[in-house]
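Please open the model in your viewer and keep the selection panel at hand. The tour below goes from one selection to the next and says what is to be found at each stop.

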Amino acid sequence: MLTSHHDNRQGSPTALLDDATGPTTHVLVVGAPGPRLERLTRTLRATGHDVTHAPPGEVDRRMGHAHPDAIVALDDPYGYAAPGTAADHETGLEVIREVRTAPAGRALPLLMVTATPGPAEVVDMLRQGADDCIPEASDPVELSARIEAKLRRVPVPVENLLRDPRTGLYSQPHFLDELDRELRRPEAARHGGVLAVVGIAEMAALEARLGPRVRREVAERLAGVAEQLGSFCDRLGRDDDGHLLMLLPGVDEETAHRGLTKFAAAVAGTRFIVADENVRLTPAIGWLPLTGCTDGTQATAQALDAVQEALRHRDLRPVRYAPWMRGTPHRHRRQPLGALIRPALSALSPVLALLLGVAVPFVLYQQAYTLGWDLGSAMYWVVVGGLVLSALLIVLECLFSLDATARPAEPGAPYPPASAVIAAYLPNEAATIVDTVESFLRLDYPNELEIVLAYNTPHPLPVEDTLREIAVRDPRLVLLPVAGSTSKAQNINAAVTRVRGEFVGIFDADHHPAPTAFKDAWHWLSNGHDVVQGHCVIRNGESSRVAELVAVEFEAIYAVSHPGRTRLYGFGVFGGSNGFWRTDLLARTRMHGSMLTEDIDSTLRALGEGARFAVDRTLISRELAPTTLKALWNQRSRWAQGWLQVSLKHLWRGLSSPVFTARQKLGLFVLLGWREVQPWLTLQILPILLYSAWKAGGFTHLDWAVPVCVLAVLFTLAAGPVQALFAWRLAVPELRSRRGWFWSYFLVSTVFYSHFKNMVARQAHLKEALGDRQWRVTPRAAAKAVAPR
């Protein structure tokens, strides 16, 4: 035990202290009154130290009365636990946290006197902030020598050093010094430069669970990724909140943005060990160019404002600072044009479409004819050829859908843990969400399956109490409120780092997957695919004529078009509703809330990285259809505008990418290019007819029986019945038995619905051109469902 020995031998405690230079050491002993504290106090005094005492909870106050030179604490300062027990170890960690939390105790030497220290306990204490651990049975001379050694080399917090000796990270004050030094250089000599700050969306949760040390550890992990990427950043630091600070001198904005995007994807795609836990991290990057900056502290604050905006979306995209972010991270710039003129123009979009698609071409054909160019006649054959081509593509998709690739009969690996993410805007889903959750909890899967409900709501709702009761009853249900979310994408991005499954199924809040959906999805994913898109089936077709129409249309899309296109062009597309992703791929891809069809955008970004997508029409999930024409218009308008955004963003990028084969590039051109041209091409029938009548002297002088034209019309009209026939042939049993629905779809689609969808597409183009990107949610309501047969 630590006891004093009074003798005059050389090397005795007294002799040792006599040889030491400097004044007598003042030691603060932390522990509850008792035999152990008395023995420790006697030992320290016998070896020449002045000793004061602080019971647990009084450390900060006692240090304020008389500042000690060192602190020596018992591993069980309360005296409650038996030596060597778990409680003994935990109370030792508590006193370390108490000392290091006190401002006066941050840099003081802290030695822990332990009863029976094991290696694991010593490691924990050192990691939590102790400078040394010594067994209680050690010689008093050793204890005194260790105290003196610490006083000769006083511990210095890392933030007070120029750089962290282990990681090379600048402390925040020294990083700001480096930044100010860069800003003092003449702008002509700087050649650009960028400041970036990286936050982590999961930081608060990690710190609450693992303690404040995760701030430093996370910054170190981020710095490690930056260093692996090479020379894109050569000065890194961290602040007290765990942000990584990045100075990129001499870098232009485009290069910096490209490097930061690559860095974000690398972080999101890596699993990190933080405080002995395996975690995923979501980097939120704010940045700004150094041009025009004069103060490093102000520039860093502005980058932090951009970080707050990036945290809202969690989509890995670096956010450039803008003045509107200053103090109002949730409010965007006011745009007078958008507030006053844009809604009126959007309301007039059908008139604008007729003006641009009919009146302007007619006048153009007339004027060209007066100059000697018969442009209208040439366009006639272009339109005929375009309509025939569109019909031919539909027929080819139907034929190729018959031999769609079958799902692998057996999994390529044992079934792993899996996760389902249900994205919900709760006020819109209150009537159906409980039924949806219960259906997920009935799924049949041979391993762990967690159900994550990631939702946003502007105010508390009674249904949340019901959901919490279900979560208590069944721990597989994880409720994840996403504060500040405004989109499905943000809900999914918040969930993807929290899930435990090796793969993730993504669902809207009205989906009821088939019992074996996750088992079937793993057959694809374990045999070389990264994403598999299933077959969405309408379950409320009896609710209205509109829902009945959509039920058949979904069979034409998911049972015919998607499988046919996948086989025809060599890639699947769409992965955001009844889509199953490998978790690692989804974590580094994320979804972008600025895209109205965020799932298609994510699919194409993943395809551009070489991911393999499959489509399986036997992988069933049943959902609700809009029940009114207005709801259908709003839904299809959003879809059409979202497809246009995807086309503008990805068409040229895909056609110039070496990742895609020539066959796949043809598919991209049809999927992203031709689909946007076709609605306007069909509208050209009207100005061409008007032009032909004008040129011939009236409609009565036109020859309507041109053989080529008649054959083209018949072939074009035949595409609708062919698609309806194939949809019936490949439909799920409960819909295939409804033959009347398919006859109705054929008639309505030929006479009305095709033109309806073309009108929606043209309006969506105009809305995108006007910058009107308002999201209108599809109303959900409990409805009579079509029973599976």
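Select strand E16 together with strand E19 (residues 579-582), which pair in the antiparallel sense over four bridges; strands, like helices, are DSSP runs numbered from the N terminus, with at least two residues for a strand (E) and at least four for a helix (H or I), and two strands count as paired if DSSP finds at least two bridges between them. Within this pair, Gly505 has Phe580 of E19 as its bridge partner. This is a predicted model, in which local features need pLDDT of at least 70 and side-chain atom pairs count only at pLDDT 80 or more, while totals for chains, interfaces and linings use all residues. Residues are numbered from 1 along each chain as its sequence is written, and side-chain values use heavy atoms, with hydrogens and water left out.

Add strand E13 (residues 418-425), which pairs with E16 in the parallel sense over six bridges, and look for Val421, whose bridge partner in E16 is Ile506. Now colour E16 by accessibility: six of the six residues of this strand (residues 503-508) are buried, so E16 is largely enclosed by the rest of the structure. Buried here means under 20% relative accessible area, exposed over 50%, and partly exposed in between, with a 1.4 Å probe and protein chains only. Phe503, Gly505 and Phe507 point one way from the strand, Val504, Ile506 and Asp508 the other way, and all are buried.

Next, select the open sheet of five strands in the order E7-E8-E6-E11-E12, where the pairing is mixed. Strand E7 (235-238) and strand E12 (319-320) stand at its edges with a single partner strand each, so one side of each is left without a neighbour in the sheet. Strand E6 (residues 194-200) and strand E8 (residues 244-248) run antiparallel and are joined by five bridges, with Val198 standing opposite Leu244 in E8. Show helix H11 (residues 253-268) as well, which packs on the sheet and touches E6, E8, strand E11 (283-289) and E12, contact meaning heavy atoms within 4.5 Å. The direction of H11 makes about 170° with that of E11, where axes are lines fitted to C-alpha atoms, for helices over the stretch in contact, and angles run from 0 to 180 degrees between N-to-C directions. Helix H12 (residues 296-313) also packs on the sheet, touching E6, E11 and E12, and its direction makes about 140° with that of E11.

Finally, select Val748, which lies in helix H30 and, at 32% relative accessibility, counts as partly exposed.
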